[in-house]
Amino acid sequence: MTEPVARIAIAGVSHHTADVMALEAFRFGDEPAFLNAAGRKFHGVLLLQTCNRVEVIVEGDGAALHDFLTQQGRAGFSLLEGRDALHHLLSLAAGIESMIVGEDQIIGQLRKALADAQEAGTASSFLELCINKAVHVGVGVRKRTQINRGAVSVGSAAVLLAESELGTLECRHILVVGSGEMGLLVAQALMAKHLTAMYVANRTYGRAVILAEKIGGKAVRFTELYHYITLSDVVISCTSAPHPVIHMADLKEAMRARCWPVEGHPRPLILIDIAQPRDVEEGAGAIDGVRLFTMDNLREINEQTMITRRAEAERATAFVGEELDLFIRQLHRRAADDCIATLRTWAEAVRMRERDKALARLGGADDKTAEVIDDLTRVLTKKILTDATASIRACAEDGDRSAAEALVQALTRGGTVVTPPESGDTPE
């Protein structure tokens with residue numbers, strides 16, 4: 001199968017090769033500004049930023065995308081083009097590329113990336129087609145396989161991590177910082193753990209109240225954050241803030257309030273930061289009693305889930321491959337339609353010109369005669385173009401756009417059809 005007819009390139013970093021610090025360094029803080037800047041360079045641009053990947057998807061040239069990101073001060077990123085880029089996009093939606101294999105959140109994240117690009121005016125019709133196809137494949141994979149059967153999200157993986165560290169979460173006090181989508185996933189995973197108390201803190205108190213009511217927890221005002229850190233056994237932080245919300249100095253004070261009366265050391269605190277960028281100020285893990293975990297620690301959870309889901313991932317990969325071939329043929333058909341439209345526009349112009357010449361030679365032809373001549377020229381044009389249209393469509397659907405375009409040029413401009421040399425042949 002040859003390369004798709006439209007140019008697509010994807011560049012970025014993910015949990016596969018980058019740690020939390022590298023992901024954080026690669027992120028774009030002002031997404032609308034980035035889309036506007038990239039939109040001036042490429043026909044279409046999308047920006048996908050999640051807790052474990054940052055990827056730029058463009059309708060354009062891979063080399064140009066590499067240069068643009070380098071100018072933006074980014075380095076150490078992977079770059080995919082053409083079929084490889086499309087395969088990655090479909091695999092991503094299928095959950096195969098996720099840190100927690102089979103998680104469902106990636107579908108919503110792709111839709112959001114498209115919606116943001118549409119709002120910024122950088123979503124080309126081709127990229128819309130690609131994202132919609134990816135979402136369709138992602139939904140199809142989950143219907144046809146069990147890749148998400150018992151799958152954990154990043155949020156529930158954080159809960160599993162806390163449980164593995166403490167042995168059990170029963171009768172524990174847990175604080176969730178952040179009430180967005182990730183906060184909801186964390187809270188839902190905690191509901192089945194028979195906790196003594198679950199607290200929800202958010203900068204917007206009303207949102208904390210809404211989430212707390214959903215899960216039977218207690219809403220906490222952000223001004224009381226460190227008081228409830230003092231009361232908690234586990235803190236899972238997952239806000240969308242662009243800067244740390246849990247600071248070293250305040251955390252030290254909170255830990256002093258957790259000291260055992262005799263030993264002088266604080267009760268241990270499990271602090272799990274799954275935000276991107278990070279919620280917890282760097283160095284907090286060195287505070288006495290604090291056991292800090294980040295997204296990097298969740299990789300082990302993914303390795304465990306992969307053992308039980310490897311067969312389903314293989315089935316998903318096979319389905320993605322089949323859908324990719326179908327999609328590329330769809331793209332080729334679009335190219336064939338473009339070429340054929342050019343040919344038909346040219347043929348219609350010739351037909352009308354010659355029809356009008358014939359009518360002029362007949363002098364004042366009546367309406368019936370004009371109608372017969374018009375019908376005759378239409379039928380002749382259609383019959384003449386039938387074989388040419390079939391050849392153009394066959395070339396384009398096989399991915400040989402240059403041959404399809406050469407056929408159109410030969411017919412419309414009197415050019416000569418040149419057959420491209422086979423791969424490995426040396427043209428004379």
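**Exercise 1. Is Thr-196 buried, partly exposed or exposed, and what surrounds this residue?**

This is a predicted model, in which local features need pLDDT of at least 70 and side-chain atom pairs count only at pLDDT 80 or more, while totals for chains, interfaces and linings use all residues. Residues are numbered from 1 along each chain as its sequence is written, and side-chain values use heavy atoms, with hydrogens and water left out.

*Solution.*
- Step 1. Locate the residue: Thr-196 sits in the loop between helix 8 (181-190) and strand 6 (197-202). Helices (H or I, at least four residues) and strands (E, at least two) are DSSP runs, numbered from the N terminus.
- Step 2. Recall the classes: buried means under 20% relative accessible area, exposed over 50%, and partly exposed in between (1.4 Å probe, protein chains only).
- Step 3. Apply them: the relative accessible area of Thr-196 is 49%, so this residue is partly exposed.
- Step 4. List the contacts (heavy atoms within 4.5 Å). Leaving aside residues up to four places away in sequence, Thr-196 touches Cys-171, Arg-172 and His-173.
- Step 5. Examine Cys-171: its backbone oxygen is reached by the side chain of Thr-196 at 3.0 Å.

**Exercise 2. Determine whether Ser-153 is buried or exposed, and describe its surroundings.**

*Solution.*
- Step 1. Ser-153 belongs to the loop between helix 6 (125-144) and helix 7 (154-166).
- Step 2. Its relative accessibility is 9%, and Ser-153 therefore counts as buried.
- Step 3. Beyond residues up to four places away in sequence, Ser-153 touches Ile-100, Glu-103, Gln-105 and Leu-185.
- Step 4. A polar atom of the Ser-153 side chain lies 3.3 Å from the backbone nitrogen of Gly-155.

**Exercise 3. Work out the strand order of the open sheet of 4 strands, and state which strands stand at its edges.**

*Solution.*
- Step 1. Strands of a sheet pair through backbone hydrogen bonds, either parallel or antiparallel. Here, two strands pair if DSSP finds at least two bridges between them.
- Step 2. Strand 2 and strand 3 (residues 53-59) run antiparallel and are joined by 7 bridges. A hairpin connects this pair through 2 residues.
- Step 3. Individual partners can be named: Thr-50 has Arg-53 as its bridge partner in strand 3, and Leu-48 stands opposite Glu-55.
- Step 4. Strand 1 (residues 9-14) is also antiparallel to strand 3, with 6 bridges between them. Ala-11 is partnered by Val-56 of strand 3.
- Step 5. The order of the open sheet is 2-3-1-4, with antiparallel pairing. Strand 2 (44-50) and strand 4 (78-81) are at the edges with a single partner strand each, so one side of each lacks a neighbour in the sheet.

**Exercise 4. Describe which way the side chains of strand 3 point and whether they are buried or exposed.**

*Solution.*
- Step 1. In a regular strand the side chains alternate between the two faces of the sheet.
- Step 2. Arg-53, Glu-55, Ile-57 and Glu-59 point one way from strand 3, whereas Val-54, Val-56 and Val-58 point the other way.
- Step 3. Strand 3 is mostly covered, since 7 of its 7 residues are buried.

**Exercise 5. State how many helices and strands the protein has, and what its overall dimensions are.**

*Solution.*
- Step 1. The protein has 14 helices and 10 strands.
- Step 2. The C-alpha trace spans about 115 × 50 × 45 Å along its principal axes.
- Step 3. Of the 428 residues, 48% count as buried.

Key:
A polar contact is a pair of N or O atoms within 3.5 Å; within protein, one must be able to donate a hydrogen and the other to accept it, and residues adjacent in sequence count only if both atoms are side-chain atoms.
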